[in-house]
Amino acid sequence: MDPTTDNAGQTGDPDSARAALEALRAEIAKAVVGQDPAVTGLVVALLCRGHVLLEGVPGVAKTLLVRALAAALELDTKRVQFTPDLMPSDVTGSLVYDTRTAEFSFQPGPVFTNLLLADEINRTPPKTQSSLLEAMEERQVTVDGTPRPLPDPFLVVATQNPVEYEGTYPLPEAQLDRFLLKLTVPLPSRQEEIDVLTRHAEGFNPRDLRAAGIRPAANAAALEAARAAVAKTTVSPEITAYVVDICRATRESPSLTLGVSPRGATALLSASRAWAWLTGRDYVIPDDVKALALPTLRHRVQLRPEAEMEGVTADSVINAILAHVPVPR
């Protein structure tokens with residue numbers, strides 16, 4: 001493929017790749033009204049090779065958001081509806097006996113794709129949830145002792161309803177830590193809800209995104225060029241120390257039983273670099289760290305029961321930490 005092509009979605013040039021990712025956000029907006037923070041978070045995760053957990057009540061377009069992202073990318077995508085009776089092999093694949101050859105052959109599961117939508121992941125028991133752990137961390141699946149690499153890029157976008165809802169299983173801490181970002185999808189504002197209903201009245205069909213005008217805006221080449229550019233984004237020692245100070249403060253917070261691990265600090269730094277590059281800079285500033293602190297850290301901390309009873313939330317604790325940790329000049 002010619003890297004000098006004028007099509008931003010097909011080029012390996014970093015500037016054109018940034019334009020392609022901006023166009024990607026515009027394509028998603030054709031199907032999803034509002035939810036700009038969630039859209040931005042998905043783009044950041046793509047740049048960081050990270051996974052995303054989307055949380056919100058039913059009916060706020062979590063699944064539509066991911067389907068729109070897939071439609072705007074020239075990548076292979078698959079969807080798994082997580083249910084209480086789903087088995088790990090239904091996700092990873094299994095050995096199947098072939099009567100013609102009298103041998104077992106591997107039948108890949110839906111995890112062998114570029115973009116995996118794990119819909120309502122907290123409606124399946126922990127055993128099946130954990131089947132994604134190796135795939136998310138190692139980018140491979142081991143079946144019958146044989147490791148099988150997953151395609152690159154590989155991204156898991158999982159949706160979940162709040163754990164207070166009936167019939168849900170809280171995700172284990174080890175799996176939560178594998179998600180780069182936890183993005184909340186709130187209810188729309190009054191005007192946004194009017195816009196949603198207006199689109200539906202005009203014939204919008206969420207099951208036919210091509211008819212909604214969504215076209216591929218970026219492909220694997222543009223994504224790889226963008227990731228290479230993000231890797232060159234400068235991080236000063238002061239910014240590195242700032243990230244460490246924020247994460248260490250969570251471990252000392254009286255409201256938390258579990259603070260952010262070094263893996264979480266690395267995730268915050270990676271997400272901040274991606275956001276800095278997306279906004280047109282080749283260096284990270286403290287505002288980049290602040291912008292990504294909540295989605296990167298909120299699922300990596302655990303509140304004390306007494307703090308929860310007092311109405312304290314993970315977001316409020318992190319915001320308080322951001323307000324007190326000295327900002328580098």
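Helices are DSSP runs of at least four residues, numbered from the N terminus. In this predicted model, Arg227 belongs to one of them, helix H9.

**Overall form**

The protein chain holds 14 helices and 11 strands. Its C-alpha atoms fill a box of roughly 70 × 50 × 45 Å along the principal axes. A compact globule of 329 residues would have a radius of gyration near 20 Å, and the value for this chain, 21 Å, agrees with that. Of the 329 residues, 47% are buried. Among contacts with a separation of 6 or more, 78% join residues 24 or more positions apart.

**Helix H9 and its partner**

Two packed helices are described by the angle between their axes and the distance between the axes. Helix H9 covers residues 220-231 and helix H11 covers residues 262-278; they pack at an angle of about 110°, with axes 9 Å apart. Angles of 65 to 115 degrees count as roughly perpendicular, and H9 and H11 are therefore roughly perpendicular to each other. On the H9 side the contact is made by Ala226, Ala229, Val230 and Ala231, and on the H11 side by Arg273, Ala274 and Trp277. Sorted by class, this contact has 6 nonpolar residues, 1 charged residue and no polar residues.

Is Arg227 of H9 buried or exposed? Its relative accessibility is 7%, so Arg227 counts as buried. Leaving aside neighbours within four places in sequence, Arg227 is in contact with Leu46, Leu47, Arg49, Asp152 and Pro153. The last two of these residues are joined by a cis peptide bond, from Asp152 to Pro153, with omega near 5°. Pro153 is found in the loop between strand S7 (146-149) and strand S8 (155-160).

**Nonpolar cores**

In soluble globular proteins, nonpolar side chains tend to be buried together. The largest nonpolar core here has 76 residues, and Leu21, Leu24 and Leu47 touch the most other members. Beyond four places in sequence, Leu21 is in contact with Val43, Leu47, Ala218, Ala226, Trp277 and Leu278. Ala226 and Trp277 also take part in the contact between H9 and H11. A second, separate core has 23 residues, including Phe82, Met136, Val141 and Ala158.

Phe82 is also a contact of Thr128, together with Leu86, Met87, Pro88 and Val91, when neighbours within four places in sequence are left aside. Thr128 sits in helix H5 (residues 126-129). With 3% relative accessibility, Thr128 counts as buried.

**Arg67**

Arg67 is part of helix H3 (residues 62-71). At 28% relative accessibility, Arg67 counts as partly exposed. Not counting residues up to four places away in sequence, Arg67 touches Leu117, Pro206, Arg207 and Leu209. Arg67 and Arg79 are 12 residues apart in sequence, and their C-alpha atoms are 9.1 Å apart in space.

**Backbone exceptions**

Most residues other than glycine have a negative phi, and most peptide bonds are trans. Which residues have a positive phi although they are not glycine? Ala61 and Arg139 are two such residues, and the table gives their values.

| Residue | Phi | Location | Relative accessibility |
|---|---|---|---|
| Ala61 | about 75° | loop between strand S1 (51-55) and H3 | 28%, partly exposed |
| Arg139 | about 60° | loop between helix H6 (133-138) and strand S6 (140-143) | 24%, partly exposed |

Conventions: Residues numbered from 1 in each chain as written. Predicted model: local features only at pLDDT ≥ 70, side-chain atom pairs only at ≥ 80, totals over all residues. Heavy atoms only, no water. Axes fitted to C-alpha atoms, helices over the stretch in contact; angles between N-to-C directions. Helix = DSSP H or I, 4+ residues; strand = E, 2+ residues; numbered from the N terminus. Parallel < 35°, antiparallel > 145°, perpendicular 65-115°, else oblique. Contact = heavy atoms within 4.5 Å. Nonpolar A, V, L, I, M, F, W, Y, C, P; charged D, E, K, R; others polar. Core = buried A, V, L, I, M, F, W, Y, C linked by side-chain atoms within 4.5 Å. Buried < 20%, exposed > 50% of the residue type's maximum accessible area, 1.4 Å probe, protein only. Rg over C-alpha atoms; globule rule 2.2 N^0.38 Å.
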